[in-house]
Amino acid sequence: MKRILIITAHLDDFEFGMGGTVAKLAAESDNEIGLVVMCNGERPGNEHVADPRNEACIYNCKQLGIKYVTIKHYPDTRLDKVSQTTVCSDITAIVNEFKPTIVYTHFRDDVHSDHRIVSNATRVACRMRCNSTVEQLFEFSIPGSTEWGFRPFEGNSYVNITDLQERKISLIERYTTELRQAPDPISLESICSRDRYTGSLCGYEFAESFKLIFHRDEKTCVDDS
């Protein structure tokens, strides 16, 4: 059985960034999937969006069969006000509890500071120490955020989501407070075009790309401490 942990900054990140892949992983009966969201959905100046975003995330998780869901209490865009030690400790505690073999998180050079902070903390929590269960660490991109960073996202791993594109869109559609009109990157039309272009890079109609940070085997290491 694969234990897969998705660590995100915001309530809608896993659907926008890797919704098709999550749907595919959730459909495989031998997978156990966990989701960690560090922010509570309260966007400064628009605190009213927190409730509908939480409802959409919880509903999507139930639909996909994700039973392990942790939503932390930090407000959106304010993770830079929290000490790095606290964020790392929170994520490390969850990694140690869930004991994932595969972890997905944000691209380290995303333009959004919340995404970068979560990515860096996840790398700390998933360091390849002898007692770590993590065998693979992947980073994913977020439309309307990653492409505006200073460094391009260069995927080196692809997942065919052709049969799950409609399912991904149905997950995203529930975030009515977040979607925008085309040609904005977080419009439904742009997201479909993005996934179609990614698919064209690897021979599929629709695909999602990831950056593999590391992959190690299951051999027991020797603890020299």
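**His 106 and the sheet around it**

Mentor: The side chain of His 106 makes a polar contact with the side chain of Asp 13, at 3.2 Å. The model is predicted.

Trainee: Why is that called a polar contact?

Mentor: The cut-off for the N or O atoms is 3.5 Å. The pair of His 106 and Asp 13 stands at 3.2 Å. That is within the limit, so the pair counts.

Trainee: What does the side chain of His 106 reach at 2.9 Å?

Mentor: The backbone nitrogen of Ala 9. The limit is again 3.5 Å, so this distance falls within it.

Trainee: Where does His 106 lie?

Mentor: In strand β4, which covers residues 102–106.

Trainee: Is His 106 buried or exposed, and what makes it so?

Mentor: Its relative accessible area is 0%. Buried means under 20%, so His 106 is buried.

Trainee: Which residues does His 106 touch, leaving out those up to four places away in sequence?

Mentor: Among them are Ile 7, Thr 8, Ala 9 and Asp 13. The list also includes His 115, Val 118, Glu 139 and Phe 140. To count, heavy atoms must come within 4.5 Å.

Trainee: Now the sheet. In what order do its strands stand?

Mentor: The 7 strands run β3-β2-β1-β4-β5-β7-β6 in an open sheet, and the pairing is mixed.

Trainee: Why do β3 and β6 stand at the edges?

Mentor: β3 (68–74) and β6 (157–160) each have a single partner strand, so one side of each is left without a neighbour in the sheet. On average, neighbouring strands are turned by 25° against each other, direction ignored.

Trainee: How do you know that β1 and β2 pair?

Mentor: Pairing takes at least two bridges. β1 (residues 2–8) and β2 (residues 31–39) share 7, so they pass. They run parallel. One bridge sets Lys 2 against Asn 31 in β2.

Trainee: What makes β5 and β7 a pair?

Mentor: 5 bridges join them, and at least two are needed, so they pair. They run antiparallel. Leu 137 stands opposite Phe 214 in β7.

Trainee: And how many bridges link β6 and β7?

Mentor: There are 4, in the antiparallel sense. Here Ser 157 stands opposite Phe 210 in β7.

Trainee: Which strands does helix α4 lie across?

Mentor: α4 (residues 113–125) lies across β1, β2, β4, β5 (136–140) and β7 (207–215). It runs at about 150° to β4.

Trainee: On to the rings. Why is the pair of Tyr 104 and Phe 138 called stacked?

Mentor: The count of aromatic pairs comes to 6. In the pair of Tyr 104 and Phe 138, the centres lie 5.1 Å apart and the planes differ by 15°. Centres must lie within 6.5 Å, and planes under 30 degrees apart count as stacked, so both tests are met.

Trainee: What does the pair tie together?

Mentor: Tyr 104 lies in β4 and Phe 138 in β5, so the pair ties together parts 34 residues apart in sequence. Tyr 104 and Phe 138 are both buried.

Trainee: What makes the pair of Phe 107 and Phe 153 edge-to-face?

Mentor: Their planes stand at 90°, with 5.2 Å from centre to centre. Over 60 degrees counts as edge-to-face, so the label fits. Phe 107 lies in the loop between β4 and α4 and Phe 153 in the loop between β5 and β6, so this pair ties together parts 46 residues apart in sequence.

Trainee: Why does Phe 153 count as buried?

Mentor: Its relative accessibility is 19%, and the cut-off is under 20%, so it counts. Phe 107 is buried too, at 2%.

Trainee: Which residues do ring pairs link into a cluster?

Mentor: Tyr 104, Phe 138 and Phe 210.

Trainee: What is called a charge over a ring here?

Mentor: The charged end of Arg 3 sits over the ring of Phe 98, 4.3 Å from its centre. The distance limit is 6 Å, so that part is satisfied.

Trainee: Why is Thr 77 called partly exposed?

Mentor: Its relative accessibility is 34%, between the 20% and 50% limits, so it is partly exposed. Thr 77 is in the loop between β3 and α3 (84–98). Its phi is near 65°, a positive value in a residue other than glycine.

How values were computed:
Residues are numbered from 1 along each chain as its sequence is written. This is a predicted model: local features need pLDDT of at least 70, side-chain atom pairs count only at pLDDT 80 or more; totals for chains, interfaces and linings use all residues. Side-chain values use heavy atoms; hydrogens and water are left out. Buried means under 20% relative accessible area, exposed over 50%, partly exposed in between (1.4 Å probe, protein chains only). A polar contact is a pair of N or O atoms within 3.5 Å; within protein, one must be able to donate a hydrogen and the other to accept it, and residues adjacent in sequence count only if both atoms are side-chain atoms. Axes are lines fitted to C-alpha atoms, for helices over the stretch in contact, and angles run from 0 to 180 degrees between N-to-C directions. A charge sits over a ring if NZ of Lys or CZ of Arg is within 6 Å of the ring centre and within 35 degrees of the ring normal.
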